[in-house]
Amino acid sequence: MQVIATAGHVDHGKSALVRALTGMEPDRWAEERRRGLTIDLGFAWTKLPGGERVAFVDVPGHERFVPNMLAGVGPVPAVLFVVAADGGWMPQSAEHLAAIDAVGIRHGLLAVTRSDLADPGPATRQALDRIWSTSLGAVPAVAVSAVTGAGLPELRDALSRLVAALPVPDPAAPVRLWVDRAFSIRGSGTVVTGTLPAGTLTTGRELLLTPSLRPARIRGLESMNEPVASAGGVARVAVNLRGVPAGFAARGMALVEAGRWTLTRLLDVRLSPRDPDMTLPPEMTLHIGSARTQARLRPLGGSSIARLTLRDPLPLHVGDRVLLRDPGSAAMTILGATVLDVVPPALARRGAATAAGRELAAWPDPPSAADLLRRHGFLRAGALAAMGLAGGLKPVAADWLADPDRWASLRGRLAEMVAAHARRDPLAIGMPPEAARAALGLPDRALVEALARGVQVRFEDGYLRPARSPEVGGPVPGGPVPGGPVPGGRAPGGRAPSLPPRTAAAVKAVLADLQGAPFLAPDAGRLRELGLDSRAIAAAARAGLLLRVTEQIVLAPDARAQAVRILARLPQPFTTAEARQALGTTRRVAIPLLEYLDRAGVTQRLPDDRRRLRLAPWSSRARCGSARGSPRRTGRPGSRHSSARRDRCRPARRS
Ligand SMILES: Nc1nc2c(ncn2[C@@H]2O[C@H](COP(=O)(O)OP(=O)(O)OP(=O)(O)O)[C@@H](O)[C@H]2O)c(=O)[nH]1
Ligand SMILES: [Mg+2]
């Protein structure tokens, strides 16, 4: 089915024509019939000669009821423009045409009514001339008389052709049913009616009623007074809703699908071309569908782009057409506008408004997902869908979509930032991703992690570090690197250590101290003297240059493997005193070292406080390969174990 709205000056015969075409009474109110004047929207339908069903939304022509007219014309795809042969072009002919043009309706038909009273020629020429330059373009014209019936068959044929040429809307399109009538039926509850332009309504479905977003389940559906299980646009529908109390629903609300519309009070629009002398009023009435609200206008830069702040939130898509009207102005002012952004960014910086205006003026009409992404940098796929922009775009992280150029430049900036952070503070564990997120202005930490992939940034232990660390201390102009290469100074994985010269020298001194007595860890005084505080120790341990047993006990990196070898020679299990003696150290070191080995799963502490190695002395860890963390391998690569050796390379059986 299709839905066509009437349009035209008061008393030009719109309702009489609808009545003649459908046999139904479009003037629903007794007052309308008594006064012979349409006040509110009327609804009637019929079958055309080709069998197509068409519904009419009959609008009032009186200037006082223009808002009602706009509510009827808002969601329809086509209009039946009415001009009386004996009346000719009149003020509301012009105003209705301006509204049709502003809303952007592209399909229509001219009916020159009351042609039994005057020659329809002049009125036809006048009207076609005006209509031609609007969104309707060239339309067919038919002279008719609702009284004599002359021209009605021709009009029906013309309507058939018009309907056949209308685009078929997508049945899967997001549903937005603007409510043009709401009432309650005893026993059934709330019923709302409207013109469904696209998408499908099905009984049982839950929708949201804007602006409250109150959930409303479809209890029953009717189209043209007949119950249906589902209705696809374009259609006139009456929807019986569950969950909406009597008196709650009203014209201007909309039934929408969850997640497919953006409910917004702030939008950026492109105003359609207008008289260059016209100054924009600071406030206008905005109409879309059956809704109307007040809008504050803020021009952005040039004359065509404006930011609108609405009194009431509306469910909108990018690309929607809205109508702006200034009911107060002496000269009737109607402007059309295309919605460019439904979640526009704040214009905080100086010059931001002009810059935004310039950017948006260059956008195509309607804008694409790529345009919106360029402006916002990042958008969740769901947010883009709620703007009415189907993506097909691949998220960069989680459900985040990114503008490709912005993404590429952020990658570079992240790498630079992390490298600079490491240079500034080589002892730091790395850059916290939250700091990187804030510095880059990213909306989500997941984006930082995704950015780090593919650039020279590692994400380790929850921190960002350069993938390749700078040389120890960094290059020093005009001289050798102080501290020089550090003994044993290769971190696992072959990373070059990244320590400032002072720390590197201190580490070197500690390792020299430990050379003769590997388990006599330097005491607090010695560490202080060398300037090794807990941060420096942590950095050296991260670089694999020291083994940090506790905050204050540091040993050479291979101390663990060495301890395992020594403890393996003891009778199992052994006491703390036996271990201390064998390791040649004091209780200050022995106890934390044994606890460290317990935690590492190398030793097992028994209930009597003695310990044993978890792996037998001849185990693979102790003898057959390197102990974890030790850079030295005891097994020669490539050498084959003898069978006796292989036997000894089995874990001890648990007793
Ligand atoms: N002679 C003659 N009278 C007509 C014809 N069409 C409408 N009329 C009369 O013109 C008057 C206005 O007709 P309506 O159909 O109410 O006009 P309208 O455009 O719906 O008016 P509003 O809804 O108030 O804007 C009525 O008295 C009709 O009987 C026609 O073709 N011939
Ligand atoms: Mg009427």
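These are my notebook entries on a few spots I looked up in this structure, which is a predicted model.

**Entry 1: the magnesium ion**

I began with the magnesium ion (ligand 2) and asked which protein atoms serve as its donors. I found OG of Ser15 and OG1 of Thr38, lying 1.9 to 2.0 Å from the ion. Next I looked up where these two residues sit. Ser15 belongs to helix H1 (residues 14-22), while Thr38 is in the loop between helix H2 (30-35) and strand E2 (42-47). The two are 23 residues apart in sequence, so the pair ties together separate parts of the chain. I also checked whether they are buried or exposed. Ser15 counts as buried at 9% relative accessibility, and Thr38 is buried with a value of 9%. Both fall in that class because buried means under 20%.

**Entry 2: aromatic pairs**

How many aromatic pairs does the structure hold? I noted two.

In one of them, the ring centres of Phe81 and Trp89 are 5.7 Å apart. Their planes meet at 15°, so I wrote this pair down as stacked; planes under 30 degrees apart count that way. Phe81 is buried, at 1% relative accessible area. Trp89 is buried too, at 13%.

Phe378 and Trp407 make an edge-to-face pair, with 5.9 Å from centre to centre and 75° between the planes. I traced both partners along the chain: Phe378 is in strand E23 (residues 378-380) and Trp407 in helix H10 (residues 404-424). They are 29 residues apart, and the pair links distant parts of the chain. Phe378 is buried at 7% relative accessible area, and Trp407 is buried at 10%.

**Entry 3: an arginine over a ring**

I then looked at Phe248 and asked which residue lies over its face. My note says Arg214, at 4.9 Å from the ring centre.

**Entry 4: Ser145**

My last stop was Ser145, in the loop between strand E6 (141-143) and helix H6 (152-165). Buried or exposed, I wondered about Ser145? Ser145 counts as buried, with 1% relative accessibility.

I followed its side chain to see what it meets. The Ser145 side chain makes a polar contact with the side chain of Asp116 at 3.0 Å. That side chain also reaches the backbone nitrogen of Val147, at 3.2 Å. Setting aside neighbours within four places in sequence, I listed Ser115, Asp116, Ala150 and Leu152 as being in contact with Ser145. Asp116 thus appears twice in this entry, once for the polar contact and once in the contact list.

Technical notes: Residues numbered from 1 in each chain as written. Chains lettered and ligands numbered in written order. Predicted model: local features only at pLDDT ≥ 70, side-chain atom pairs only at ≥ 80, totals over all residues. Heavy atoms only, no water. Phe/Tyr/Trp six-rings, centres within 6.5 Å; stacked < 30°, edge-to-face > 60°. Buried < 20%, exposed > 50% of the residue type's maximum accessible area, 1.4 Å probe, protein only. Helix = DSSP H or I, 4+ residues; strand = E, 2+ residues; numbered from the N terminus. Lys NZ or Arg CZ within 6 Å of the ring centre and 35° of its normal. Donors = N, O, S within 2.8 Å, 3.2 Å for Na, K, Ca; no water. Polar contact = N/O pair within 3.5 Å; in protein donor to acceptor, adjacent residues only side chain to side chain. Contact = heavy atoms within 4.5 Å.
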